[in-house]
Amino acid sequence: DGYAHTVAVLGHSLRRVKVKARLIVIYIPGQIAESSLCLAKTQGWEPVAVERIPPPHNGHLIHPALIDQYTKLQLWSFDSLGIRSLIYLDADTLVLRPIPETLFDLPFTFAAVPDGIDKPLINGGVLFIKTDTRIRDDMVSKLETAEYNLSWAEQNFLNLYWGGHILLLPWLFNGNIWMKFQSPKLWRGMKDELVVVHYTSAKPIPARQSVTLTLEEMQKAIQYMMETQLDWEEELRWWGDRWLDMKELTFRELTNCVPARNLTGSRERLDAAGVPVQYG
């Protein structure tokens with residue numbers, strides 16, 4: 001639920017650049033509030049429930065925040081929905097320019113973007129996939145026996161599984177904002193051409209909220225994040241501007257999903273960003 005607004009803004013950013021493709025947001029039943037799914041629907045997302053794929057080794061050595069990430073492998077089974085190819089985008093990405101449909105004319109089964117400048121691995125935040133349930137089944141069957149660093153969960157597994165068969169795409173399709181520190185000159189040279197920006201080292205929203213934020217709470221949170229992450233103020237402003245645009249265009253629909261909150265008598269308090277967090 002903490003990423004409900006980022007999913008909504010991502011959908012708005014896709015429609016803003018005239019993407020006509022079907023927008024599907026996957027979720028694990030029982031883990032997402034109806035208000036979050038409602039927000040996604042206001043921006044054209046079609047929620048599709050998928051079965052959770054449990055982490056290997058009972059999650060040992062995997063960061064708790066990444067424990068459900070192996071469920072991403074379900075994307076390869078979307079041929080059962082009549083989808084032959086798809087682009088996967090993390091919730092903390094933002095589309096700035098149209099994604100060329102000609103990419104799907106390339107002879108690949110799996111394509112991704114290198115994870116920054118100094119890593120020979122791909123980042124799992126933006127994936128180009130030709131679907132095949134048999135591949136999903138084969139990947140899942142190898143989760144327990146594959147030998148790789150578990151710290152980055154499914155991202156490291158995908159690097160191992162696909163190896164030299166990954167089609168590497170330019171950084172423009174997954175502009176990891178950490179690259180701004182890896183090579184400021186490179187970032188300055190490519191930021192005005194980015195197709196997708198990926199908020200990895202700085203997030204546009206607080207990570208601690210326990211509920212789907214209201215519009216008023218989001219307004220305060222966005223301002224707080226920009227004021228406390230000055231190194232990425234420009235990039236965070238891109239996201240904030242898209243959120244404000246979305247709010248202006250679909251205010252009624254958004255407020256129907258998440259009405260104003262009354263914390264009186266609840267087990268929630270506000271943190272420094274004005275965001276509700278659970279206590280007790």
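By partly exposed I mean a relative accessible area between the two cut-offs, under 20% for buried and over 50% for exposed, and Glu 234, at 35%, is therefore partly exposed. Please keep in mind that what we are looking at is a predicted model.

Let me stay with Glu 234 for a moment, since its side chain meets that of Lys 191 in a salt bridge, at 2.9 Å from N to O. Glu 234 sits in helix H8, residues 233-249, whereas Lys 191 belongs to the loop between helix H6 and strand E9, so the pair ties together parts that are 43 residues apart in sequence. Lys 191, with a relative accessible area of 18%, is buried.

The search of the whole structure finds 13 salt bridges, and another of them joins Glu 216 to Lys 220 at 3.7 Å, N to O. Here the two residues are four apart in helix H7, residues 215-228, and so are separated by about one helical turn. Glu 216 is exposed at 54%, while Lys 220, at 44%, is partly exposed. Besides these pairs, Lys 72, Asp 90 and Glu 154 are joined into one network by salt bridges that share partners.

Turning to the strands, I would point to E6, residues 122-130, where eight of the nine residues are buried, so that the strand is largely enclosed by the rest of the structure. Strand E3, residues 85-89, runs antiparallel to E6 and is joined to it by five bridges, with Ser 85 standing opposite Lys 130. Strand E5, residues 110-114, also pairs with E6 in the antiparallel sense over five bridges, and there Ala 112 stands opposite Leu 127.

How values were computed
Residues numbered from 1 in each chain as written. Predicted model: local features only at pLDDT ≥ 70, side-chain atom pairs only at ≥ 80, totals over all residues. Heavy atoms only, no water. Buried < 20%, exposed > 50% of the residue type's maximum accessible area, 1.4 Å probe, protein only. Pairing = 2+ DSSP bridges. Salt bridge = Lys/Arg side-chain N within 4 Å of Asp/Glu carboxyl O.
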